[in-house]
Amino acid sequence: MHANRNKKAIRRVKKGMMKANRTRNLFMVFAIILTTFMITTVFSLGINYMENMELMQVRTAGTCADVSLARPAAEQEQQIRALDYVDIIGIQYMVGSVAGKNDEGRELSIALQYYDTTEWEKHFREAISKVNGHYPVSENEIMLSEDALSQLGIETPAPDMEIPLSYYDKTGRQEKTFTLSGWFHSYTGAGMGFLSEEYCKNAGYTMQEDGVLSLSLDKMPDDFWRIQDDVPLNEGQSFSGAVSMSSSNWSVIMMVILLVLFIICSGYLLIYNVMYISISKDTRFYGLMKTLGTTQAQIKTLVKSQAVTFACIGIPAGILSAAAVSLGLVPLFLNEGFEQGRSAMDAEIFFHPSIYVLSVIFSAATVWIACNTPAKKAAKISPVEALRYHNFTSGKRKSRNSTNGGRLHVMAFYNVFRDKKRAVLVFMSLFMGITIILGVNGVVGSIKGENFIKEYFDYNFEYTDTQFTQAEQDNKEVPQFDGHFVQQIEKIDGVESVTVEKTVWAGIDFDRSALDEFMRIKYEDSSYLAKGKSYEETVAELRDYADAGEYGCYVTTLVDENALEEYNQRHDMPIDIDAFLRGETAIVGKDNEQFAPNAALVGKTLTLTADSRDGKATDFLISGAFSFDDYSDSLSEGIDRRRNIEIVPDIIFVSEAGMERLTKEAVISGIGVDIKDMSQLEWIDRELQAVNGTLTTSEWEYNSTVGKLEEFDQMFYSVNLLGNGAAILLIVLGLLNFVKRSLNGCMILKTEKTGKICGDGQSIAVSFPAGLHMEGRM
Amino acid sequence: MAVLETKDLRKIYGNGENEVHALDGVSISVDEGEFVAVVGTSGSGKSTLLNMIGGLDRPTSGSVTIRGKEILKMKDEELTIFRRRNIGFVFQNYNLLPVLNVYENIVYPIEIDGGRADTEFIREIIHTLGLEKKLKNMPDHLSGGQQQRVAIARALATKPAIILADEPTGNLDSKTSMDVILLMRSVSRQFHQTTIMITHNEEIAQMADRTIRIEDGKVVAGGVQFAR
């Protein structure tokens, strides 16, 4: 004999149950909508964030290509074209650069290039936006980036506009009037101009002399290493490319997973509770069905098919509402989150199919798992027990010898705590929900954006030369800011102070007696030791660096002199502040509590030679070693190393006078701007951006607290949304349980208490609802 | 020919000093087409016996054989399917499925078994029980007597081996009670339907072909002498 499932009969009962339980249906659909909405919103935000991160990487890199090889020989080109793991091959010609100065007297920085159709369409098109017009076709056509137009002083470009240019190409300086075939917005910050294939042909450009092969590889980073083995390079050639593994994506994925798990758990509890309450209420009904011969499998099917119906309504509704909200929410979350270089990325909304596929899968799985246990419970109901069932909670009950039993509030109290576990769940849910609501809204309400800015940011506006913040810097740093730029900032009304940090790379004389102790400490924690190199071998390698003029670090000016007094209060060996300010001494950094090699340099004299035209060997007594607690300024925080040599001081701080002794050609590496009145923040931001437009360089970053303020608001908006969402889930859960408690209690109230109530001379109509109200208030 | 036999049925609740013998060696036999009343005082074990016969509960020991099959050896799902094919129930409080109308309630046990209702037979039952005009009504729109007639129709619909009626008149007034009992007796005869009715009402019990009397979980009259 086997269980026979007759769908028609089950469908009929299901239909009847759906009609008879409208309130339950509403709760279920609401619970599923809420769960789906939250899951979809989290997926939508997560996936949009990752997509935008990718887009941002492409835009800041200015290309989708993985690798490029400049000036490839014909043989190399053939070899590359024959490689099966090279997917796309684009061609670029480096044509030249625009000559001339802008109104502020700065050299224009516009590179002229040629891209073939593959390079333009497959590698470059995605990295730019707002493309107007077309790529140059005839010899006299030119296409310019908005940055280039801005440098040329053109605010409103028009098609076929005449662009007279003075520029250098491979044959020397040229004067020519081009026709503007198009323009676009780029995110690299660099001025770019594109010329036609015809121009390059006529001017005699060749792949071997001026070309760059731009490649998309099949599998990064493996193919990046592979191609280096497969294509032999000539002297001076190298494959350039960034092997980027975005770690932030993983943190986003983890956050999304955690949030989704939290929502699934909440949704599970919510749906499970509604189903469980409904099944408990219908215990007698399911028992009767079993008595009449409905099998366990048929009862499970009945319960699950109801859940499927609810899911069919709730999931699409949840997804639709989340999609609608995403339209507003995603840009709000992401717009300011992608600030890189000079151009804040415009976040794009991706209606990625995976958002909805994942949401449907996770929501459906939540509903399925949540209804599984109640379905089993319904299927396992014993017919005999069910026929005796009167919606009372079973369990032991203590006898209460009290004369207060007839009072409404006493009865309400005992009814609420009839089932202790459930009562605890109700109170915990309500307590946690209310706590989260109060906590989230209290905290969010009490923190003001302005205070946040004052507390966590050293300056209202910051400029950073990104050449100093890169992990390695192949070439000598080119000044990005000049004194005139600082003056332009100072002239803006409302600017209170402008802090200028200057930096220069300086070689350190390899004086073993001065460096030995420092090197030994560093060596103990270095990869040299890990790789099995002896200390002496390591020293010999470092000496080679020194001989090649590469042993050194960045020397920067100390912009916050108060740090010196604070240092002296904290340390036994004080810094001679006067000597430091006179430029005789320097401070090394940065140690931490566990690892302090720089401290070993204190008292030693280092001979530094700035990498500048006027650089000469200059002695500095090291008077102190900063730890991270001693000195922290956002301008110097990001300064990295020019050459990644492990055993070298990370950074050396000197005073203005010290820098003067070292060189007069130090580069402005950071500018901090503070304003008088925070209400002028946005206005000054606009003024500064106007000044920024006069810079022709591109390797710098502008960070405004206006953006941070918005990020702050958005962060708290998200905390608000998620916190309140979670709180509402918990409160709904608590309330549903309370409703269940009350429904269970109704029978008892009606049967047990009304007798007493009536005996006391009260009317049922008045006392019964009053008792329930009292439970609710409790 | 015996359609139902119970042998030495025992049901013990609790243990030690709290041990209660709800059934204490009950052996009865019911022939096909018989209309049997089981009488006894409250707590005598009538309903427990009915639950055992109906396969709704399992005894501590003993056996129940219906149409030659020992039902208590069956697994739960098997027993459920056996029950819907061989046993019809009529309860004191009717126990109709509130979400189905009268007709759907009547044919539910047939449809849940995947079978098609024998339309002629169902029509005959409906006619006999006077439910023709109530077929589309929902149970909560029927009187107690009408609901019980629907329950009887539902019990008859699958042409079961036995109909078990647990205090079928317990919720009805005396006139309606008598109508229902007469109806049950007449359909039992008309359809040659074996019926076991539990009641504490002696007057109603006398309407049956035979009366089995139970006291303190033991058959004291009517059961043993017929047992084979």
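Begin by selecting β4(B), residues 61-66, together with β5(B): in this predicted model, the two strands run antiparallel and are joined by two bridges. Within this pair, select B:Thr65 and then B:Glu70 of β5(B), which are bridge partners.

**The four-stranded sheet of chain B**

Widen the selection to the remaining strands of this sheet. It is an open sheet of four strands, ordered β2-β1-β4-β5 in chain B, and its pairing is antiparallel. Colour β2 (20-31) and β5 (69-70) of chain B separately. Each of these two strands stands at an edge with a single partner strand, so one side of each has no neighbour in the sheet.

**The six-stranded sheet of chain B**

Next, select the strands of the other sheet described here. Six strands of chain B form an open sheet in the order β6-β7-β8-β3-β9-β10, and here the pairing is mixed. At the edges are β6 (87-90) and β10 (218-221) of chain B, each of which pairs on one side only. On average, with direction ignored, neighbouring strands of this sheet are turned by 25° against each other.

Within this sheet, isolate β7(B), residues 162-166, and β8(B), residues 195-199. These strands pair in the parallel sense over four bridges. To inspect one position, display B:Leu164, whose bridge partner in β8(B) is B:Ile196.

Now add helix α6(B), residues 174-190, to the view. This helix packs on the sheet and touches β3 (35-39), β7 and β8 of chain B. The direction of α6(B) makes about 165° with that of β8(B).

**From α6(B) to α5(B)**

Keep α6(B) displayed and add α5(B), residues 144-157. The two helices pack at an angle of about 15°, with their axes 10 Å apart. That angle makes α5(B) roughly parallel to α6(B). Their crossing is right-handed.

For the contact itself, show side chains on both helices. On α5(B), select B:Gly144, B:Gly145, B:Gln148, B:Arg149, B:Ile152 and B:Leu156. These meet B:Thr176, B:Asp179, B:Val180, B:Leu183, B:Met184 and B:Val187 of α6(B). Sorted by class, the residues of this contact are six nonpolar, four polar and two charged.

**From α5(B) to α3(B)**

Retain α5(B) and bring in α3(B), residues 102-111. The axes of α3(B) and α5(B) come within 7 Å and cross at roughly 25°. The two helices are therefore roughly parallel to each other. This crossing, too, is right-handed.

Which residues of α3(B) and α5(B) make the contact? From α3(B), select B:Val102, B:Asn105, B:Ile106, B:Val107, B:Tyr108, B:Pro109 and B:Ile110. From α5(B), select B:Val150, B:Ala153, B:Arg154 and B:Ala157. The contact of α3(B) with α5(B) comprises nine nonpolar residues, one polar residue and one charged residue.

**The side of chain B that touches chain A**

Finally, display chain A beside chain B. Across the interface, 22 residues of chain B are in contact with 23 residues of chain A. On the chain B side, α2 (76-86) and α3 (102-111) each supply at least two residues. Select α2(B) in particular: this helix gives the most to the side of chain B that touches chain A, with six residues. Colouring that side by class shows 10 nonpolar, four polar and eight charged residues. With α3(B) still selected, the tour ends on a helix that both packs against α5(B) and contributes to the side of chain B that touches chain A.

How values were computed: Residues are numbered from 1 along each chain as its sequence is written. Chains are lettered from A and ligands numbered from 1 in the order in which they are written. This is a predicted model: local features need pLDDT of at least 70, side-chain atom pairs count only at pLDDT 80 or more; totals for chains, interfaces and linings use all residues. Two residues are in contact if their C-beta atoms, placed from the backbone, lie within 7 Å. Ala, Val, Leu, Ile, Met, Phe, Trp, Tyr, Cys and Pro count as nonpolar, Asp, Glu, Lys and Arg as charged, and the others, Gly among them, as polar. Axes are lines fitted to C-alpha atoms, for helices over the stretch in contact, and angles run from 0 to 180 degrees between N-to-C directions. Angles under 35 degrees count as roughly parallel, over 145 as roughly antiparallel, 65 to 115 as roughly perpendicular and the rest as oblique. A crossing is left-handed if the near helix is turned anticlockwise from the far one by less than a right angle, and right-handed if clockwise. Two strands pair if DSSP finds at least two bridges between them.
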